[in-house]
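Please work through the following exercises on pockets, strand pairing and salt bridges. Each task is followed by a solution in steps.

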Amino acid sequence: MDARASPRQVWFSLKKDGALVDDGISSEKNVYYKTQTIMGESDSLLFTVYVDRIFSGSASDMAQFKYAWLTDAGSAIQIQTSDTFDAFKVREAGKDRIVLENDGSVSLSKNTDVKLLGGIVFKIADSNNLRFYPRLTTWSK
């Protein structure tokens, strides 16, 4: 990282199993991304991150990132209309969107994980006030 340059910059080296996949430079308030062909689809997003801030300190320099996303290309699957993922059925699978439908209901109970599909669950708080958030455990079809 070069926190004293103008503009401030950070150098990325993406590796998989010790082998270099990509390297590049990005500056503050910019997005660094890497695309590659995944399952025959060129320019599929492999990795992206927003470089929010790069700080220059007296003892060390630091970078602050937001919105990081990494695709596990080895676990990619092709989704088609009529595929089923747990209680959800794929009603539409296109280039720009995937529409899933569930004809049943989902019950949320305090201090539980409710599986939706694959490794996606709702984590429900241990509280009398309903609070929950989606989280990804391990993906499975």
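The exercises below begin with the conventions and then turn to the structure itself.

The model is predicted, so local features need pLDDT of at least 70 and side-chain atom pairs count only at pLDDT 80 or more, while totals for chains, interfaces and linings use all residues. Residues are numbered from 1 along each chain as its sequence is written, and side-chain values use heavy atoms, with hydrogens and water left out.

**Exercise 1. Describe the largest pocket and its lining.**

Step 1. A pocket is defined on a 1 Å grid over the protein atoms alone, as an open set of points where a 1.4 Å probe fits, with protein on both sides within 12 Å along at least five of seven lines; its lining residues have an atom within 4 Å of a point. Grid points are joined across faces, edges and corners, and a volume is the space filled by probe spheres set on the points.

Step 2. The volume of the largest pocket is about 1,200 Å³. Its lining comprises 23 residues, of which Thr71, Ala76, Ile77, Ile79 and Ile98 are the closest to the centre.

Step 3. Two elements, β4 (41–56) and β5 (61–70), give two or more residues to this lining; strands are DSSP runs of E, at least two residues long, numbered from the N terminus. The most comes from β4, with 5 residues.

Step 4. By class the lining has 13 nonpolar, 6 polar and 4 charged residues. Here Ala, Val, Leu, Ile, Met, Phe, Trp, Tyr, Cys and Pro count as nonpolar, Asp, Glu, Lys and Arg as charged, and the others, Gly among them, as polar.

**Exercise 2. Which element gives the most to the lining of the second largest pocket?**

Step 1. The second largest pocket holds about 260 Å³ of space. Among its lining residues are Leu14, Lys15, Lys16, Phe47 and Asp72.

Step 2. At least two lining residues come from each of β1 (9–16) and β4. The most is given by β1, with 3 residues.

Step 3. The lining divides into 6 nonpolar, 3 polar and 3 charged residues.

**Exercise 3. How do β4 and β5 pair, in the parallel or the antiparallel sense?**

Step 1. Strands pair if DSSP finds at least two bridges between them. For β4 and β5 there are 8 bridges, in the antiparallel sense.

Step 2. One bridge partner of this kind is Trp69 in β5, which faces Thr48 as its partner. A hairpin of 4 residues joins β4 to β5.

**Exercise 4. Locate salt bridges and state the exposure of their partners.**

Step 1. The structure holds 10 salt bridges, each a side-chain nitrogen of Lys or Arg within 4 Å of a carboxyl oxygen of Asp or Glu. Buried means under 20% relative accessible area, exposed over 50%, and partly exposed in between (1.4 Å probe, protein chains only).

Step 2. Asp61 and Arg4 form a salt bridge at 3.1 Å, N to O. This pair links distant parts of the chain, with Asp61 in β5 and Arg4 in the segment before β1, 57 residues apart. Asp61 is partly exposed at 27%, whereas Arg4 is exposed at 57%.

Step 3. Lys29 and Asp52 meet at 3.0 Å, N to O. Lys29 lies in the loop between β2 (19–27) and β3 (30–38) and Asp52 in β4, so the pair ties together parts 23 residues apart in sequence. Lys29 is partly exposed at 47%, and Asp52 is buried at 9%.
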